[in-house]
Amino acid sequence: MLLAVARKNGQIEILSPVSGDLQATIPSASDLDLQSDVVGLHLFANSNLEFSTRPCTLLTCTSKGNASIRSIDISDSSTESSRLDSSKAWNVCGSGSIECCKVDGNEKFALFGGKGVEVNLWDLDNCSKIWNAKSPPKDNLGIFTPTWFTSATFLRKDDHRKFVAGTNSHQVRLYDMSAQRRPVLSFDFRETPIKALAEDIDGYSIYVGNGSGDMASFDIRTGKLLGCFTGKCSGSIRSIVRHPELPVVASCGLDSYIRLWDTKTRQLLSSVFLKQHLLHVVIDSGFTVEAEIPEEADLPCKEQPVNKIGVVEGVEASPLKRKKSLKNKGDVTESERKKRSKHSKEGKRSKGNVKFMKEGL
């Protein structure tokens with residue numbers, strides 16, 4: 001299992017997510033443009049093999065549109081011995097700036113989009129463009145919104161034909177390659193740019209996060225708002241990931257918090273402060289921690305007596321005397337009432353005699 005991280009200086013590191021050890025380093029002095037940042041990074045799952053002498057494959061894309069697929073051989077001895085086995089590069093845009101990149105579940109196609117770049121789909125085997133979106137028409141006032149895509153995601157892992165894209169003009173668009181080149185559905189969400197999108201495992205629900213920290217879920221079939229997540233984030237949301245099995249969705253952003261939410265109630269489950277701006281979050285559903293099971297001698301036995309408060313070991317506690325409650329007066333018999341009244345009369349007489357004797361003295 002490996003983890004790929006792109007640094008601000010353009011350097012890419014291959015790490016072990018369990019130990020944090022550095023496995024390989026790809027320097028920025030490569031065929032990528034040195035004047036642009038790495039905006040797209042994908043580590044192919046079929047390369048997640050053992051570290052020893054096994055290659056890993058990376059897809060990288062810069063903001064200038066320079067994309068490349070690299071196969072790296074990782075050695076056991078040191079990171080310096082890692083070498084580049086093969087590489088192929090191409091350009092995904094003639095002008096503009098790439099801001100979002102997404103690979104489908106089968107890892108056969110990649111989606112690109114950005115400022116001045118319409119979303120387009122590429123075949124990774126042949127490095128060829130197979131589909132390009134068309135700009136939406138002008139609105140009723142004759143105003144044309146410039147193209148500016150900030151995020152994108154596929155609706156299903158096994159279908160690359162339907163995907164959702166978010167724009168800088170706080171709009172969410174649904175595209176279907178089999179239907180048309182323009183969006184088949186679009187709707188607005190609040191008043192700030194869409195910064196993060198994630199698909200649900202049901203195939204029709206999506207999670208949307210914007211630049212003001214708002215997060216909500218939508219039914220992409222109708223564009224209906226299913227609900228907003230309670231617990232305001234204080235910074236822009238940059239990444240949303242749905243757990244593949246549990247009803248949990250994770251988000252992170254520029255407020256340096258990673259948050260876990262319940263997908264059903266949309267309530268905040270937990271939050272962790274990580275002291276720096278966060279751009280991406282990844283969920284490893286296969287990671288397990290083996291807990292130490294205590295021995296049977298250490299486990300408490302139900303048959304062992306438990307000492308109560310007020311009882312000293314080896315000393316028998318004296319029973320406490322309790323007054324009889326007279327709450328249930330209906331349960332007292334007639335004979336008991338007569339005895340009590342007789343005792344009370346005798347007590348009064350004795351008190352009177354004692355008083356008379358004191359006065360006589």
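How many bridges pair strand 18 with strand 19, and in which sense? The two strands, with strand 18 covering residues 215–219, pair in the antiparallel sense over 4 bridges. Keep in mind that this is a predicted model. Below is a quick tour of two sheets, a few buried residues and some salt bridges, plus one repeat taken from a UniProt record.

**The sheet with strands 16 to 19**

- Strands 18 and 19 belong to an open sheet of 4 strands, ordered 16-17-18-19, with antiparallel pairing.
- The edges go to strand 16 (194–199) and strand 19 (224–228); each has a single partner strand, so one side of each is left without a neighbour in the sheet.
- Going from one strand to the next, the twist averages 25 degrees.
- If you want a residue pair to look at, try S217, whose bridge partner in strand 19 is G227.

**The sheet with strands 8 to 11**

- Another open sheet of 4 strands runs in the order 8-9-10-11, and its pairing is antiparallel.
- Here strand 8 (97–103) and strand 11 (128–132) are the edge strands, and because each has a single partner strand, one side of each lacks a neighbour in the sheet.
- The average twist from one strand to the next is 30 degrees.
- Strand 8 pairs with strand 9 (residues 109–115) in the antiparallel sense, over 6 bridges.
- V103 has A110 of strand 9 as its bridge partner.

**D214, in a loop**

- D214 sits in the loop between strand 17 (205–210) and strand 18.
- Is D214 buried or exposed? Its relative accessible area is 12%, and since the cut-off for buried is under 20%, D214 counts as buried.
- Its side chain makes a polar contact with the side chain of R190, at 3.3 Å.
- The side chains of D214 and S212 are also joined by a polar contact, this one of 2.8 Å.
- Leaving out neighbours within four places in sequence, D214 is in contact with F189, R190, V208, G209, K232 and I237.

**D219, in a strand**

- D219 is part of strand 18, and with 11% relative accessibility it counts as buried.
- S205 is 14 residues away from D219 along the chain, yet their C-alpha atoms are separated by 4.7 Å.
- Apart from neighbours within four places in sequence, D219 is in contact with Y204, K224 and L226.
- D219 also forms a salt bridge with R221, where the closest N and O atoms are 3.0 Å apart.
- The two partners sit in contrasting surroundings: D219 is buried at 11% relative accessible area, whereas R221 is exposed at 55%.

**More on salt bridges**

- Some background first: side chains of opposite charge can pair when their charged atoms come close.
- The structure holds 7 salt bridges.
- One of them links D37 and K8, with 3.7 Å between the closest N and O atoms.
- D37 lies in the loop between strand 3 (22–26) and strand 4 (38–43), while K8 lies in the loop between strand 1 (3–6) and strand 2 (12–15), so the pair ties together parts that are 29 residues apart in sequence.
- D37 is partly exposed at 36% relative accessibility, and K8 is exposed with a relative accessible area of 70%.
- D255 and R259 meet through their side chains in a salt bridge of 2.7 Å, N to O, and both residues are buried.

**H243 and the annotated repeat**

- The UniProt record, an unreviewed entry, places the feature "repeat: WD" at residues 234–271.
- That span is 0% helix and 58% strand, and its end C-alpha atoms lie 13 Å apart.
- Where does H243 sit? H243 is in the loop between strand 20 (237–242) and strand 21 (248–253).
- H243 counts as buried, at 12% relative accessibility.
- The side chain of H243 reaches the backbone nitrogen of E245 at 3.0 Å.
- I283 is 40 residues from H243 in sequence, but C-alpha to C-alpha the two are 6.6 Å apart in space.
- Not counting residues up to four places away in sequence, H243 touches I201, V248, I283 and S285.

Terms used: Residues numbered from 1 in each chain as written. Predicted model: local features only at pLDDT ≥ 70, side-chain atom pairs only at ≥ 80, totals over all residues. Heavy atoms only, no water. Pairing = 2+ DSSP bridges. Axes fitted to C-alpha atoms, helices over the stretch in contact; angles between N-to-C directions. UniProt positions renumbered as here; feature names shortened; annotations may be inferred. Buried < 20%, exposed > 50% of the residue type's maximum accessible area, 1.4 Å probe, protein only. Polar contact = N/O pair within 3.5 Å; in protein donor to acceptor, adjacent residues only side chain to side chain. Contact = heavy atoms within 4.5 Å. Salt bridge = Lys/Arg side-chain N within 4 Å of Asp/Glu carboxyl O.
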